[in-house]
Amino acid sequence: MIIDIHGHYTTEPAAMHTFRDKQLAGLVDSARKPTTTDLGISDEQVLKSVEKQLAFQKARGSDLTVFSPRASGMAHHIGTEATSIEWTRLSNDIIHRICTLLPDNFIGVGQLPQHPGAAPKESIPELVRMVKELGFVGVNVNPDPSGGYWTGAPITDKSWYPLYEKMAELEVPGMIHVSSSCNPNFHATGAHYINADTTAFMQLIQGNLFNDFPTLKFVIPHGGGAVPYHWGRYRGLCLNMKKPPLVEYLMKNVYFDTCVYHLPGIELLTKVIPMDNILFASEMVGAVQGIDPETGFDYDDTKRYIDQVGTLSEANRYKIFEGNARDVYPLLDRELTRRGHARQTF
Ligand SMILES: [Zn+2]
């Protein structure tokens, strides 16, 4: 089975954008508020909206996408804490509908109703709802709800601990994922995302989070930002800061995906990062769309790159495509087992 652990609902029906526009307009003029949270989207519209993802799964050979709301759409820095809660519930609910209609193709991951200045613990009720009621297997955690200004505390700060306690208790990993950037210095997908991935990893080196939460797991997407390329720097900093060796210190809790969009990047990732810490993902349909003129294939057709790495054993290939995802997302593993998908052994 090929599990793509990173997909966003970037093809949502226009009714969602209309709701969001009205919701935000309603903050300045209450007459423009949406009158209902029922978007009037039919099941047929929902199915139609993910046709592109289904076609890509079939053409590229992936089976199940771990699917979450559009990352830039979370926009935690816009509106108020109350609008963030309402928008988050609605965004998670539509992911749940997709996963219910197409359970073989999608399994849910949710967004949190974060907001600049709001304590992370305020997101706990929605975290519990998405896992207990919506059957989600993970959660996207935004390390910078300010949208590129980093006004909050590092992810190792004690203010995050109540959220992590609940994540550990529910056995859901967090994908470190910022949203859109409102800082003109940082292009969202080209700079802000990669900055955040790198920043989060460095914060984890500086803190000692997994001493307090030994079972907590984070997935750092987009290939781990700049980290694998600078692996020597981080190993060195770790020792300079009197921490244990990097692999021993962080790599029972931190994982990277394969969204780097070219073969040399995947070759480096698989050479540098331990095999237990790489999870297959494409982030389709999303960050970089279109065909790479150098290869003739879509940039985000990431399975193709892994298939081309000749040095991977069958056992390691299985880890990247399925086994590691089942280790990192225990609720996904149990659901697949319940559905009769046994793990392969080597
Ligand atoms: Zn993403």
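Visitor: Which residue of β6 does Gly174 stand opposite?
Guide: Keep in mind that we're looking at a predicted model. Strand β5 covers residues 174-176, and 2 bridges join β5 to β6, with the two strands running parallel. Across from Gly174 in β6 stands Phe218.

Visitor: And on the β4 side of β5, what does Val141 stand opposite?
Guide: Here the link is 3 bridges between β4 and β5, again parallel. The chain gets from one to the other by way of α7, as β4, α7 and β5 make a right-handed β-α-β unit. Opposite Val141, in β5, you'll find Ile176.

Visitor: Are the residues on the two faces of β4 buried or exposed?
Guide: Take the faces one at a time: Gly138 and Asn140 sit on one side, Val139 and Val141 on the other. Both sides are covered, so to speak, and the word for all four residues is buried.

Visitor: Which residue of β4 is the bridge partner of Gly110?
Guide: Look at β3 next to β4: 2 bridges join this parallel pair. Together with α6, these strands make a right-handed β-α-β unit. The bridge partner of Gly110 in β4 is Val139.

Visitor: Why do the buried residues of α6 line one face of the helix?
Guide: Helix α6 runs over residues 124-132, and its buried residues are Glu126, Leu127, Met130 and Val131. Looking down the axis of α6, you see those buried residues fall within a limited arc, so they line one face; that arc is 130°.

Visitor: What do the buried residues of α6 pack against?
Guide: Two of the partners are strands, β3 and β4, which are also the strands of the β-α-β unit that includes α6. The others are helices, and the full list reads β3 (106-110), β4 (138-141), α5 (81-101) and α7 (161-170).

Visitor: Which strands are the edges of the sheet?
Guide: The open sheet has 8 strands in the order β1-β2-β3-β4-β5-β6-β7-β8, with parallel pairing. An edge strand pairs on one side only, and that describes β1 (3-9) and β8 (278-279).

Visitor: Which residue of β7 is the bridge partner of Val219?
Guide: There are 3 bridges between β6 and β7, which run parallel. Strand β7 (residues 254-257) has both faces covered, with Val254 and Phe256 buried on one side and Tyr255 and Asp257 buried on the other. The bridge partner of Val219 comes from that second pair: Tyr255.

Visitor: In β8, what is the bridge partner of Asp257?
Guide: β7 and β8 run parallel and are joined by 2 bridges. In β8, Asp257 has as its bridge partner Leu279. The chain crosses between these strands through α12 (residues 263-272) in a right-handed β-α-β crossover, and the partner you asked for is Leu279.

Visitor: Within what arc do the buried residues of α12 fall?
Guide: The buried ones are Ile266, Leu269 and Thr270, and they pack against β7, β8 and α13 (303-308). The face turned away from that buried side carries the exposed Pro264 and Lys271. Seen down the axis, the buried residues line one face of α12 because they fall within an arc of 90°.

Visitor: Which residues touch the most other members of the largest nonpolar core?
Guide: That core has 70 residues, and helix α8 (residues 188-206) gives the most to it, with 6 residues. Leu279 touches, among others, Ile5, Val219, Tyr255 and Val328. The residues that touch the most other members are Phe67 and Leu279.

Conventions:
Residues are numbered from 1 along each chain as its sequence is written. This is a predicted model: local features need pLDDT of at least 70, side-chain atom pairs count only at pLDDT 80 or more; totals for chains, interfaces and linings use all residues. A residue is buried if 20 or more other C-beta atoms lie within 10 Å of its own, exposed if 12 or fewer, and partly exposed in between; C-beta atoms are placed from the backbone. The arc is that of the directions from the helix axis to the C-beta atoms. Two residues are in contact if their C-beta atoms, placed from the backbone, lie within 7 Å. Two strands pair if DSSP finds at least two bridges between them. A crossover is right-handed if, with the strands pointing away from the viewer, the path from the first strand over the helix to the second runs clockwise. A nonpolar core is a set of buried Ala, Val, Leu, Ile, Met, Phe, Trp, Tyr and Cys residues joined through C-beta atoms within 7 Å. Lists of a residue's contacts leave out its neighbours within four places in sequence.
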